[in-house]
Amino acid sequence: MSNKTEFKNSLLRMFRARIPFISIRSIERARVLETIQELAEEINIPMYVHSLSHGMTDIKTKKTINDDRSVVGGIDFAVQNISQRQNLTFIFTEVSDIEDDNIVSRHIYDCVVQAIERGGSICIISTKSVWSQLQRLGMTLTLDPPNEDEMLEIVKSCVLPYQNSLPIEWDEKDFKMASTILANMTKIEAENVLATQMAKGSLIKDDIKLLTQEKDKLFSDISGLEKVKIDNNMLSVGGLTGLQQWLENQRQLLTADLKARKLRPPRGVLLVGVPGCGKSLSAKFIAATWNLPLYRLDFAAIQGMYVGQSENRLKEAFESADNASPCILWIDEIEKGLAANANDSSGVTTRMIGQFLFWLQESTEKVFVVATANDVTKLPPELLRKGRFDELFFVDLPEEQEREDIIHLYIKKGLLPPPSAETFEKLIALSSGFAGSDLEGAIRDVAIQAVINGNEYITDDLYETCFRNIVPLSRTSPEKIEAIRHWGRERALPASGLSWKTNNDTIAARRAIII
């Protein structure tokens, strides 16, 4: 059932019950009035709408019945008519001062008291909360932006009337994909995006990708989140085949219709492991291959100095991510934002953890979370239990085959002449214990010499020298790295996927420990 259908049914019952005061929370005034217009045709109750541009008008005939456009004038008109006639309904669309105890809110309060005696009803459409004493006289309704079901109807109503005059390649699957992408936008925003696409004279399947870009523009500066720009031409990942295979399955679930089986969309993945092995790069890679916008949640930017400020900012960030869905939410080094702190006497971290876990568990929007952590021992244990994230992967130091793939990748990206086959084997052996960032650093040193001296300067000896000059973290901090690897082998799935088919007992044991 769509949001609008539920809203319409609830509002109809309130009108019939003659609730004296109804506050409607919505950013879409036109969509609310459209629904009230439909109800006015179904029930025989006089309804009048006040706006600052037209004054008071009859919602059925559209005729102006009072020229006073001020809110006070509209309320006075309502009071006068309610005292003379029964069962009148007045809708006010632009009342700005109703949050506190003031002259306007008290004026409306007196109007509602009179409406109680005469079977009248005062309805206010606003994005703000209502003075508590006034709100206790009635009820509240919220009209959220269109969900996927209603957005599907909006998309079809915008596109199908033009199917005989424009080349339209979309089939039912494309319409559903478009509704998924545009969900949580307002109706007018979705209509504008679709009209812009059709203005070029056609609607082809590749335009689905453009819908994502257009929606991304609307949410490019959303509260608490940083938009991450991705250059698809410069982005690639070597190794991590197990993670990539798992992600491909999740990608299908993210776009599939899961309602019939009562499944929620994929929630996300927690990547833990050795620093520099591609955890953060994986978040960008997922966004690029899935063609979804990437937003980064920075816990440091959310922290506030006042009581409750951090929690409110985090809540706003999650609401923004839900509105921007489908999207990828990247939380880099999550342990720095949610680490348990014995000196946190205010309890801010504990409340933020609770809020994050609640959203992770309860949100039904298509927001895929990619969280990375280096020191997972600092994370609260409740975050690691099965059901929070869809899977927990350990990104280890690359094995021999993975190092070969990564070296090939960076040589190709740097447009460098490759070393001989014999030297290449030496590089793979020399890079034992290297992280992906170490391999990138070695090839980068070669590329710098190519820029300075030209490709003819690149020799096998230069490759070996650059690799020998790298001192990886596994040698400078061996105890720390070994502790991280020991934790990962016991409690997480290998992102490399090397042991998925060869050691099922080990995988099952790891899953049991995670649960």
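1. Helix α21, which covers residues 478-491, lies across two strands, β9 (268-273) and β13 (391-395). Relative to β13, helix α21 runs at about 140°. The model under review is a predicted one.

2. The strands β9 and β13 belong to an open sheet of seven strands, whose order is β8-β10-β11-β12-β9-β13-β14. The pairing within this sheet is mixed. Its edges are formed by β8 (225-228) and β14 (493-494), each of which pairs on one side only.

3. The edge strand β8 deserves a further remark. Its partner is β10 (residues 294-297), and the two pair in the antiparallel sense over four bridges. Within this pairing, Glu226 stands opposite Arg296 of β10.

4. Which residues touch the most other members of the largest nonpolar core? They are Leu297, Leu329, Ile334 and Phe356, in a core of 65 residues. Helix α15 (residues 348-362) supplies the largest share of this core, namely seven residues. A second core of 23 residues lies apart from it and includes Met56, Phe77, Ile82 and Leu134. As general background, nonpolar side chains in soluble globular proteins tend to be buried together.

5. Leu329 may be examined individually. When its neighbours within four places in sequence are left aside, Leu329 is in contact with Leu225, Tyr295, Leu297, Phe318, Ala321, Trp359, Val367, Phe368, Val369 and Val370.

6. Two cysteines may be considered next. Cys111 has a relative accessible area of 3%, and it is classed as buried because this value is under the 20% cut-off. Cys123 is likewise buried, because its relative accessibility is 0%. A disulfide is a covalent bond between the sulfur atoms of two cysteines. A search of the whole structure finds zero disulfides.

7. The length of helix α2 (residues 29-42) can be checked by a short calculation. Helix α2 has 14 residues, and at 1.5 Å a residue these should span 20 Å; the expected span is taken as 1.5 Å times one less than the number of residues. The end C-alpha atoms of α2 are 20 Å apart, so the two values agree. The buried residues of this helix are Arg31, Val32, Thr35, Ile36, Gln37, Leu39 and Ala40.

8. Some totals for the chain complete the note. The secondary structure comprises 22 helices and 14 strands. Of the 515 residues in the chain, 50% are buried. Among contacts with a separation of 6 or more, 77% are between residues 24 or more positions apart.

Notes: Residues are numbered from 1 along each chain as its sequence is written. This is a predicted model: local features need pLDDT of at least 70, side-chain atom pairs count only at pLDDT 80 or more; totals for chains, interfaces and linings use all residues. Side-chain values use heavy atoms; hydrogens and water are left out. Two strands pair if DSSP finds at least two bridges between them. Contact means heavy atoms within 4.5 Å. Axes are lines fitted to C-alpha atoms, for helices over the stretch in contact, and angles run from 0 to 180 degrees between N-to-C directions. A nonpolar core is a set of buried Ala, Val, Leu, Ile, Met, Phe, Trp, Tyr and Cys residues joined through side-chain atoms within 4.5 Å. Buried means under 20% relative accessible area, exposed over 50%, partly exposed in between (1.4 Å probe, protein chains only). A disulfide is a pair of cysteine sulfur atoms within 2.5 Å.
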